[in-house]
Amino acid sequence: MSKNELKNKIIANLKKPNHTIFLDNEEDAAIYEVDLDMLNRAIHQLLDESTLLKRSPNEHGSHVSVDIGEDWDNETLYRLGETYFIFSGGGMSAEVIQSCTKAEADKLLTKWKIKS
C-alpha cells in the first residue's frame with residue numbers, strides 16, 4: 001500500500017465516529033496492513049498537511065474533560081478539509097489520533113477558549 005493510499009484510508013476512518021488509532025499498537029497498524037513505522041510516518045505526514053485549529057490549554061499534563069471519547073493529555077485539534085480529528089499524547093503517553101465531528105470540535109474550541 002502506498003503512503004497516499006494509507007493516508008486516504010486513515011482519513012476515511014477518521015470520518016467515522018469514535019475511531020481511534022494508537023500509534024504504538026501493532027494491532028492498529030495491522031488494521032491498515034502496514035507496520036508501526038509506516039503507520040506513524042503516514043499519520044505524522046497527515047498532521048503536517050492538516051490545519052492545526054487549537055491546542056488544549058492544559059500545560060501541566062492534567063486531563064481535559066470533554067464529552068467525546070477518552071480524555072487525553074496534550075490534545076490538539078486538527079482539520080483536513082471537512083474531517084476533524086484530535087491528536088494527543090507524546091512524552092510519557094502513547095500518541096493517539098481520534099475522530100471528531102464538527103459539533104464535537106466546536107464544543108472543544110469553546111471549552112478551550114474558556115480555559116485559555
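**A sheet, a helix across it, and three salt bridges**

Good morning. Strand β4, residues 83-90, and strand β5, residues 93-100, run antiparallel and are joined by 6 bridges. One residue pair serves as an example: F85 has S99 in β5 as its bridge partner. I should state at once that the model before you is a predicted one.

Let us now place these two strands in their sheet. The sheet is open and consists of 5 strands, in the order β1-β5-β4-β3-β2, with antiparallel pairing. Which strands stand at the edges? They are β1, residues 20-22, and β2, residues 51-55. Each of them has a single partner strand, so one side of each is left without a neighbour in the sheet. On average, neighbouring strands of this sheet are turned by 20° against each other, if direction is ignored.

Next, please look at helix α3. This helix lies across β1, β2, β3, β4 and β5, where β3 covers residues 76-80. Relative to β4, helix α3 runs at about 120°.

I turn to the salt bridges. How many salt bridges does the structure hold? There are 3.

One of them joins the side chains of E49 and K7, with a distance of 2.8 Å from N to O. This pair links distant parts of the chain, since E49 belongs to helix α3, residues 36-49, and K7 to helix α1, residues 3-14, with their positions 42 residues apart. Are the two partners buried or exposed? E49 is partly exposed, at a relative accessible area of 40%. K7 has a relative accessibility of 7% and therefore counts as buried, the cut-off being under 20%.

Helix α3 also holds the salt bridge between D37 and R41, whose closest N and O atoms are 3.0 Å apart. Both residues lie in this helix, 4 residues apart, which is about one turn. D37 is partly exposed at 46% relative accessibility, and R41 is partly exposed with a relative accessible area of 40%.

The salt bridge of D106 and K102 is found in helix α4, residues 102-115. The side chains meet at 3.3 Å, N to O. Here too the partners are 4 residues apart, about one turn of the helix. D106 is partly exposed, with 34% relative accessible area, and K102 is partly exposed, with 44%.

To close, I return to helix α3. It lies across the strands β1 to β5, it contains both D37 and R41, and through E49 it is linked to K7 in helix α1. Thank you.

How values were computed. Residues numbered from 1 in each chain as written. Predicted model: local features only at pLDDT ≥ 70, side-chain atom pairs only at ≥ 80, totals over all residues. Heavy atoms only, no water. Salt bridge = Lys/Arg side-chain N within 4 Å of Asp/Glu carboxyl O. Buried < 20%, exposed > 50% of the residue type's maximum accessible area, 1.4 Å probe, protein only. Pairing = 2+ DSSP bridges. Axes fitted to C-alpha atoms, helices over the stretch in contact; angles between N-to-C directions. Contact = heavy atoms within 4.5 Å.
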